[in-house]
Amino acid sequence: MSAREILIYLSVKHNGDWTKIYNALTKKEAGTEQEIIEANKNVKSKTLTIIDPDYPEYLKNVFKPPIVLFYYGDISLIKDYKKNVSFVGARKNSEYGQKMTQQLVSVVSEEFNIVSGMAIGIDTVAHQTAIDCGNKTIAILGSGIDFCWPPSNKNLYEHLKQRHLVISEYPGDVAPRQECFPERNRLIAALSRSCVITEAYEKSGTSITANYALAYGRDVFCVPFLANKNSLCNRLISQGAALVETGEQVLDELGISRVREEFPD
């Protein structure tokens with residue numbers, strides 16, 4: 001059995017749980033030849049393991065570097081994180097949050113691939129806007145690669161699989177668990193040059209993504225929100241995150257200048 005096949009077997013056996021896989025490796029846990037063959041044969045998706053030559057070097061330096069990634073689509077989209085920008089935010093977004101996400105993504109996606117988590121709300125708006133603009137987007141799942149969550153995003157999920165990229169550390173039909181989403185968020189941050197938050201509450205999963213982004217040395221950009229609304233964006237701006245109101249401002253922050261059309265008042 002190859003080392004690659006053993007990694008996939010352990011990932012399937014332990015449902016993508018990084019700690020359990022790591023512990024199994026340190027203890028040199030191994031299944032029978034038949035168990036390893038069956039586990040690999042039953043994987044429907046494509047796979048990328050940490051020992052593969054095309055595994056991105058930058059991923060080896062993040063917190064809990066993914067041991068196996070299950071995916072559908074164009075894996076070359078994660079080869080260079082500097083070509084990706086993540087958009088994240090509230091699941092229960094306002095009309096303002098939706099509009100700002102659409103405005104910013106429509107511009108930023110012309111220069112960068114858009115990364116998000118395929119959750120309802122801002123994530124879905126970001127993915128769909130990139131698609132509508134004819135640009136590329138990457139979804140990082142907090143569920144098994146063959147388990148579409150949320151179910152309401154089934155059509156989006158199928159489209160992303162065929163024409164963009166869907167990634168998960170979790171194999172097959174593994175159902176999402178509460179702890180899966182913070183794990184997913186660390187990858188959203190790792191796979192992106194910068195993280196843009198268009199609307200979020202202070203106590204939310206988005207704050208976890210922002211913290212990982214900062215820990216990885218990535219820039220965090222925030223769209224300002226109304227005062228006294230428990231806004232994570234406003235708090236991060238007060239702590240030094242760049243305030244952005246247009247996609248052009250995001251590109252400026254990333255060193256890409258765009259010619260702006262001038263309109264009379």
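Helices (H or I, at least four residues) and strands (E, at least two) are DSSP runs here, numbered from the N terminus. This is a predicted model, so to speak of local features takes pLDDT of at least 70 and side-chain atom pairs count only at pLDDT 80 or more, while totals for chains, interfaces and linings use all residues. Residues are numbered from 1 along each chain as its sequence is written, and side-chain values use heavy atoms, with hydrogens and water left out.

Start with the whole chain: you'll find 10 helices and nine strands. Its C-alpha trace spans about 75 × 35 × 35 Å along the principal axes. Buried residues (under 20% relative accessible area, 1.4 Å probe, protein chains only; exposed is over 50%, partly exposed in between) make up 52% of the 265 residues.

Now select H6, residues 154-163. Leu156, Tyr157, Leu160 and Lys161 are its buried residues. Look down the helix axis: they fall within an arc of 135 degrees (taken from the directions from the axis to the C-beta atoms), so they line one face of H6. Flip to the face turned away and you meet exposed Asn155, Gln162 and Arg163.

Next, show E2 (68-73), H5 (122-132), E5 (137-140) and E6 (165-168), which the buried residues of H6 pack against.

Then pick Leu59, Ile78, Ile167 and Ile197, the residues that touch the most other members of the largest nonpolar core, 35 residues in total. Such a core is a set of buried Ala, Val, Leu, Ile, Met, Phe, Trp, Tyr and Cys residues joined through side-chain atoms within 4.5 Å. H7 gives the largest share, four residues.

Key. Contact = heavy atoms within 4.5 Å.
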